[in-house]
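Please work through the exercises below with the sequence and the structure open beside you. Each task is followed by a solution that goes step by step.

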Amino acid sequence: MANEATLAAGDASPDALTPALRALVATLRLRPHRALGRQGLGHHPSRNRGSGQEFAQYRAYESGDEPRQIDWKLYARSDRFFVREAERESPVRAWLLLDTTASMAQADEARPGFTRFDAARQLGRCVIEIARRGGDACGLVLCGGAGLALVAPGNGPRQRDRLRHALATTTPAGEWPHADVLAPAWGRIARGDLVIALGDFFDEAAVAQLVRLAHAGREVVALQVLTADERDFPYRDGRRFVEPEAGESLLGDGPALRAGYLARFTAAQRGLAARFAAAGIRHATHVIDQSPAPVLQALFGGRAR
């Protein structure tokens with residue numbers, strides 16, 4: 001539940017990336033795990049098998065294969081035709097899926113001018129820049145009380161500006177949309193596309209939709225955004241706690257509630273991580289009082305083992 005005092009949107013700008021964050025983003029790439037048909041990564045996030053330069057494997061000769069692809073030395077040893085398959089890099093088609101429900105407007109008491117949504121938009125801008133630098137197509141899906149808004153995937157500076165504008169002009173409100181409202185977007189996300197979801201994942205319907213996408217052959221990366229108050233529950237007095245989407249409230253004493261809250265919160269986080277892992281969804285958590293660099297590095301930096 002959100003603290004009533006922290007529901008207003010903040011005054012921080014999510015449009016400005018620090019020099020250090022820009023320098024980090026320049027080293028990152030979108031790297032789908034399923035690019036090679038297995039849970040592992042190549043040099044670039046997406047690879048197709050073809051007649052490129054980097055050797056991948058042998059396969060049996062099939063009618064229509066070019067004779068120059070046959071490995072004649074292997075034929076001399078085995079008396080069978082085998083074709084050398086190579087891997088060539090290909091662009092990724094990514095979708096940034098952003099939770100725009102009311103709970104995203106929550107902020108910490110220590111920093112009321114910077115909301116969860118501000119942090120999510122900053123992460124989203126980083127993803128957009130990573131895609132642009134890698135030559136990958138990136139689209140946007142906004143899911144909240146206003147329903148569904150979609151920017152089709154594209155690349156280049158103009159696409160980056162379209163995505164930035166959509167992020168900058170969105171205000172969090174309402175609840176997670178019904179599945180019927182989201183159906184048009186899910187139909188646009190093709191099998192093999194990379195979906196990078198940003199949200200608090202407190203809505204069961206949101207988590208269920210991500211699991212459904214993963215089971216339908218879309219690769220999903222879930223980047224959870226939490227406030228420090230949710231992590232620490234630092235309240236030292238009595239107050240009213242308000243659930244921002246349903247409007248339900250609870251009167252309680254902070255110190256008396258803290259131990260029980262933290263136990264339930266930890267259990268819920270473990271359950272969410274297990275559920276994502278079971279669906280093959282990569283998952284990371286960002287708390288808004290921390291730098292976004294570690295989660296970006298963990299998800300988009302270096303090779304997977």
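A surface patch, as the word is used here, is made of residues with over 30% relative accessible area and no salt bridge, and nonpolar side chains are joined into one patch within 5 Å. The model is a predicted one.

**Exercise 1.** Find which residues make the nonpolar surface patch of about 310 Å², and check Phe 81 against the cut-off for exposure.

Solution. Begin with the members of the patch, which are Tyr 61, Trp 72 and Phe 81. Next, locate Phe 81 along the chain, where it sits in the loop that runs between helix H2 (72–78) and strand S4 (82–89). Finally, take its relative accessible area, which is 36%, so that Phe 81 counts as partly exposed; the cut-off for joining a patch is over 30%.

**Exercise 2.** Describe the chain as a whole, beginning with how many helices and strands it has.

Solution. Counting the elements gives 9 helices and 14 strands. Turning to burial, 49% of the 305 residues count as buried. The accessible surface of the chain comes to about 14,700 Å², and carbon and sulfur atoms hold 51% of that surface. As for contacts, among those with a separation of 6 or more, 75% join residues that lie 24 or more positions apart.

**Exercise 3.** Work out at what angle helix H3 and helix H9 pack, and which residues meet there.

Solution. Take the geometry to begin with: helix H3 (residues 116–134) and helix H9 (residues 293–300) pack at an angle of about 40°, while their axes are 11 Å apart. The crossing of the two helices is right-handed. Then list the side that H3 brings, namely Leu 123, Cys 126, Val 127 and Ile 130, which meet Val 295, Leu 296 and Phe 300 in H9.

**Exercise 4.** Decide whether Ala 185 is buried or exposed, and name the residues that it touches.

Solution. Ala 185 belongs to helix H5 (residues 179–188). Its relative accessibility is 0%, and buried means under 20%, so Ala 185 counts as buried. Leaving aside residues up to four places away in sequence, Ala 185 touches Val 141, Leu 148 and Leu 150. A further comparison can be made with Cys 143, which is 42 residues from Ala 185 in sequence and 9.9 Å from it in space, C-alpha to C-alpha.

**Exercise 5.** State how many salt bridges the chain has, and then examine the pair formed by Asp 200 and Arg 116.

Solution. The count comes to 14 salt bridges, taking a side-chain nitrogen of Lys or Arg within 4 Å of a carboxyl oxygen of Asp or Glu. In one of them the side chains of Asp 200 and Arg 116 meet at 3.7 Å, N to O. This pair links distant parts of the chain, since Asp 200 lies in the loop between strand S10 (194–199) and helix H6 (204–215), whereas Arg 116 lies in helix H3, 84 residues apart. Asp 200 is buried, with a relative accessible area of 0%, and Arg 116 is likewise buried at 0% relative accessibility.

**Exercise 6.** Examine the salt bridges of Arg 275 and Arg 231.

Solution. Arg 275 meets Glu 204 in a salt bridge of 2.8 Å, N to O. Distant parts of the chain are linked by this pair, with Arg 275 in helix H8 (residues 254–278) and Glu 204 in helix H6, 71 residues apart. Arg 275 counts as partly exposed at 33% relative accessibility. Arg 231, for its part, forms a salt bridge with Asp 232, where the closest N and O atoms are 2.8 Å apart; Arg 231 is partly exposed at 27%, and Asp 232 is partly exposed at 29%.

Key. Residues numbered from 1 in each chain as written. Predicted model: local features only at pLDDT ≥ 70, side-chain atom pairs only at ≥ 80, totals over all residues. Heavy atoms only, no water. Patch = residues over 30% accessible without salt bridge, like charges linked within 9 Å, V, L, I, M, F, W, Y side chains within 5 Å. Areas by Shrake-Rupley, 256 points an atom, 1.4 Å probe, with all protein chains shown as cover. Buried < 20%, exposed > 50% of the residue type's maximum accessible area, 1.4 Å probe, protein only. Axes fitted to C-alpha atoms, helices over the stretch in contact; angles between N-to-C directions. Helix = DSSP H or I, 4+ residues; strand = E, 2+ residues; numbered from the N terminus. Left-handed = near helix turned anticlockwise from the far one by under 90°. Contact = heavy atoms within 4.5 Å.
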